[in-house]
Amino acid sequence: MEAAIAGIGATEFSKESGRSELRLAAEAVLAALADAGLDPSDVDGMVTFTQDSNQEISVAKEIGAGDLTFFSRVHYGGGAACGTVMHAAMAVATGMADTVVCYRAFNERSGRRFGQPDARLGGEPSSQGLEMSWHVPYGLMTPAAWVAMFAQRYMHTTGATSEDFGRVAVAMRRHASTNPAAWFHQRPITLAEHQESRWIVEPLHLLDCCQESDGAVAVVVTTAERARDLRQAPALITAAAQGAGAGQMMMTSYYRDGMDGLPEISVVGRRLWEMSGLGPSDIQTAILYDHFTPFVLMQLEELGFCGRGEARSYIQDGGIELGGRLPVNPHGGQLGEAYIHGMNGIAEAVRQVRGSSVNQVPGVHNVLVTAGTGVPTSGLILSAA
Amino acid sequence: MTSDELLELADKQIAMGELRGSPSDDPVNAPMIRHWLDAMGNRNPLFLDKGLAPPSMAQVWTMSGVKRGKDPSPVDDLLKALDAHGYTGVVATNCEHTYHRYVRVGERLTPGTRFTSLAGPKKTAMGEGYFATWNVTWYDEDSEPVAEMMFRVLKFRPRVRREPYPLKPAVNRDTAFFWEGVRQGELRIQRCSSCGSLRHPPGPVCPSCHSTEQGYVVACGEGTVYSYVVHHHPPVPGKETPFVVAVVELPEGVRIVGNIVDCPVEAVGIGMSLRVTYRPMDDELILPMWAPRET
């Protein structure tokens, strides 16, 4: 694919930004453009999530951009993250735009919290409202609960335990502890602390759940050729994919298979490997969407880093920690750094490709990135030029 | 007891005719008359001057005290039956007096009661109920009637106004059959009228044969736990934590999500046998839920 990420930008990650979501979006976009050495007047395309409350034209107006020739939105919550970059890459590859900014900005902790139940979820007779209506009346209405239903079945069929989930949390908090941008900077946890943390929705403890955060992240996508002439070393978009499985639902795909896998990530993985010609052994570090720990294990299996039911062995003995066989989320992920709906992970992947991360993995050439799982999702492979 | 049985009992009580009670404990007397006149604000001096009781006092003379046994009455058994049938509310609706003559201080009265009619069930603003009517006649020492009263009450089933349950499902023409089934105590699974495929959750088009003709079968009501969660946090409107939600696998071959009830949280496990149960959540919504199956 002839596109690259040329710039990344972010606000600080907090629990209360103290400013509007539009301001957060504008700040992150301006930071990404400055990182790339581009001017707002260069921007002619914008992509964000359907869930973002900041219109493309509103952000463009704040930063003083000129005419836009491409704007697009990607649906399905955090599953949109890598999809925004895919849409942007398609736009620059087809000549629909030259410089496309992808952004996500929210006060997800101090404003509307996704972890809180919203009784309106099942209220509307849209296809999604009707889908929710088979679940919400029973109080099954938080992301933790939707994921816990898969986790319970996964434990049953694979023998994975809560401690195996805990090892993911310990790894992420270890990585965050040496990342000054992370909310949990210098605050690692032990497996015992994970086990002692309160139940949220059994089998998930509090420390199986990612943070809720305020903040914004933006990335600038342009053609690979142009990116080579800009300020930073480009992160080439070697492969990009969206994926939904047969019988997919938003977060409650309980009716289609054994409930111990994530078919949508399998779709994305197959596409990424086909498009790039690469395989798991070509990846030096992975950014795996870690809203809830069990899905990190299931992603490792779906993407082929290990066999079915083997992730619990794969992550033993620091397998996904820095220095392990596949360092996952060196920035600390959404469990450790911040929950910016997966966009902060894309920024970390760019840093790993540039060789500029505070938790740099040695010899990085290719980084695999995934977006929200359990929902229709997306993925990227970013590579050094 | 059915409505017919209540009406039969009423006929029986009517057939008993009038049952005489005991004569009043005290004769008609000046102190009670004085209290009554005071309480009613009646300043007419003639009653006490002439030793006459106000006719509207008829009931006062034979009213039994709270601690004394009551005389048998054809009304009591019927009121008890109505209570037992859930018509526990009561409101007096009519009271008509007929006076034959004034009663004098020193006279002793005896009541006679007959049950006259039961009408219902009727829908009223208070709730569904029956109108029960009886007559009381007061007799003097010569068994001559001095006053009569027709008394009517509405015995009703109090309407329980429940807080609206906040977690309502959206329903449209593709899913209405399911919720209609739940109201009738049926667990309905969509069945394609063309190819016979079963499907839950339902939808407008059969994914197998693309038919839009959809019927349903009624599930046998049994299932097993395929997966489950125990919700602790955060609080969910309309629910008390912890509560269990399960993916239930039905022998018909589809899965459905619901709460597990009537079971300690710790006892729930994958593979557990369940039976459907229907729980009213408010005045409108009933949800199918799952309880452990007796083996």
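Student: What makes β5 (residues 110-124) and β6 (residues 127-139) of chain B a strand pair?

Tutor: Two strands pair if DSSP finds at least two bridges between them. Strands β5 and β6 of chain B pair over 12 bridges, in the antiparallel sense. Strands themselves are DSSP runs (E, at least two residues; helices are H or I, at least four), numbered from the N terminus. One facing couple is B:T113 and B:V136, the latter in β6(B). This is a predicted model, where local features need pLDDT of at least 70, side-chain atom pairs count only at pLDDT 80 or more, and totals for chains, interfaces and linings use all residues. Residues are numbered from 1 along each chain as its sequence is written, chains are lettered from A and ligands numbered from 1 in the order in which they are written, and side-chain values use heavy atoms, without hydrogens and water.

Student: Why is the sheet β1-β5-β6-β7-β3 of chain B said to have edges at β1 (19-20) and β3 (89-99)?

Tutor: The 5 strands form an open sheet with antiparallel pairing. In chain B, β1 and β3 each have a single partner strand, so one side of each is left without a neighbour in the sheet.

Student: How do you know whether chain B is spread out or a compact globule?

Tutor: Set the radius of gyration, taken over C-alpha atoms, against the globule rule: 2.2 Å times the number of residues to the power 0.38. For the 295 residues of chain B the rule gives 19 Å; the value is 31 Å, well over that, so chain B is more spread out than a compact globule. Its C-alpha atoms fill a box of roughly 95 × 45 × 40 Å along the principal axes.

Student: What makes residues of chain A and chain B count as in contact?

Tutor: Contact means heavy atoms within 4.5 Å. By that test, 38 residues of chain A are in contact with 39 residues of chain B.

Student: How many salt bridges are there between chain A and chain B?

Tutor: The count is 0. A salt bridge needs a side-chain nitrogen of Lys or Arg within 4 Å of a carboxyl oxygen of Asp or Glu. The elements giving two or more residues to the chain A side are α4 (127-132), α5 (143-158) and β5 (199-202) of chain A. The largest share, 6 residues, comes from α5(A).

Student: What joins β5(A) to strand β11 (residues 222-231) of chain B?

Tutor: There are 2 bridges between these antiparallel strands. A:V201 stands opposite B:H231 in β11(B).
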